[in-house]
Amino acid sequence: MKTEICEKNMEVFLSLDKNERIPLRVTLHLLKCKKCRTQVHYMTLAEKYASEPLKSTVEIKPVSMTKWIIFGILMIFLLTTFCIFLNKIDRASFAIIFNVIFGLLITVYCTLFVSTNMDFFIKKTKKIQSLQ
């Protein structure tokens, strides 16, 4: 019999709209019945937590440009060194092969730079778009 009363009162409680006043008979039942009171408490907490915005715990690590700048300067130094070396050899076939390899190296360098620092570029583009 008690579970039947509990079910009816919980049905009435669940049919209420948000912030609607709880009927007196349901309030009196909640004061007497610990089981129902606990259920209502948990449902209220669940509704409260479900309505809050999700908190993002993703941390964006700062971008360290020193490695990229050092490697870029090293690539430019190697390019000039090999160009001077190839001019002394005076072979066109070596120059073509070197230019193709160096072009591929620059392409891989730029691709890795952009792909590993994607968060940095997205933040910068959003900042630029918000200024416009």
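Let's start with how far this predicted model can be trusted: the protein chain has a mean pLDDT of 82, and 89% of its residues reach 70 or more. Confidence is lowest in helix α6 (residues 118-131) and highest in helix α2 (residues 24-32). Where pLDDT is low, the predicted coordinates should not be read in detail.

| Helix | Residues | Mean pLDDT |
|---|---|---|
| α2 | 24-32 | 90 |
| α6 | 118-131 | 75 |

**The overall picture**

What is the chain built from? The protein chain has 6 helices and 0 strands, and from the N terminus on its elements run α-α-α-α-α-α. Of its 132 residues, 15% count as buried. You can also ask which parts of the sequence meet: among contacts with a separation of 6 or more, 55% are between residues 24 or more positions apart.

**Where α2 meets α3**

Two packed helices are described by the angle between their axes and the distance between the axes. The axes of α2 and helix α3 (residues 34-51) come within 6 Å and cross at roughly 110 degrees. Angles of 65 to 115 degrees count as roughly perpendicular, so α2 is roughly perpendicular to α3.

Which residues make this contact? From α2 come H29, L30, L31 and K32, while α3 brings K34, C36, R37 and V40. Sorted by class, the contact has 4 nonpolar, 1 polar and 3 charged residues.

Two of the α2 residues are worth finding in the structure. H29 sits in helix α2. Is H29 buried or exposed? H29 has a relative accessible area of 10%, and buried means under 20%, so H29 is buried. Not counting residues up to four places away in sequence, H29 touches I5, C6, N9 and C36. L30, leaving aside its neighbours within four places in sequence, is in contact with C36, R37 and V40.

**The nonpolar cores**

L30 also belongs to the largest nonpolar core, which has 9 residues in all. The members are C6, M10, F13, L16, V26, L30, C33, C36 and V40. Helices α1 (2-15), α2 and α3 each supply at least two residues of this core. Which helix gives the most to it? That is α1, with 3 residues.

Apart from this core lies another, of 7 residues. Among them are M75, L86, Y109 and F113.

Note on methods:
Residues numbered from 1 in each chain as written. Predicted model: local features only at pLDDT ≥ 70, side-chain atom pairs only at ≥ 80, totals over all residues. Heavy atoms only, no water. pLDDT = per-residue confidence, 0-100. Helix = DSSP H or I, 4+ residues; strand = E, 2+ residues; numbered from the N terminus. Axes fitted to C-alpha atoms, helices over the stretch in contact; angles between N-to-C directions. Parallel < 35°, antiparallel > 145°, perpendicular 65-115°, else oblique. Contact = heavy atoms within 4.5 Å. Nonpolar A, V, L, I, M, F, W, Y, C, P; charged D, E, K, R; others polar. Buried < 20%, exposed > 50% of the residue type's maximum accessible area, 1.4 Å probe, protein only. Core = buried A, V, L, I, M, F, W, Y, C linked by side-chain atoms within 4.5 Å.
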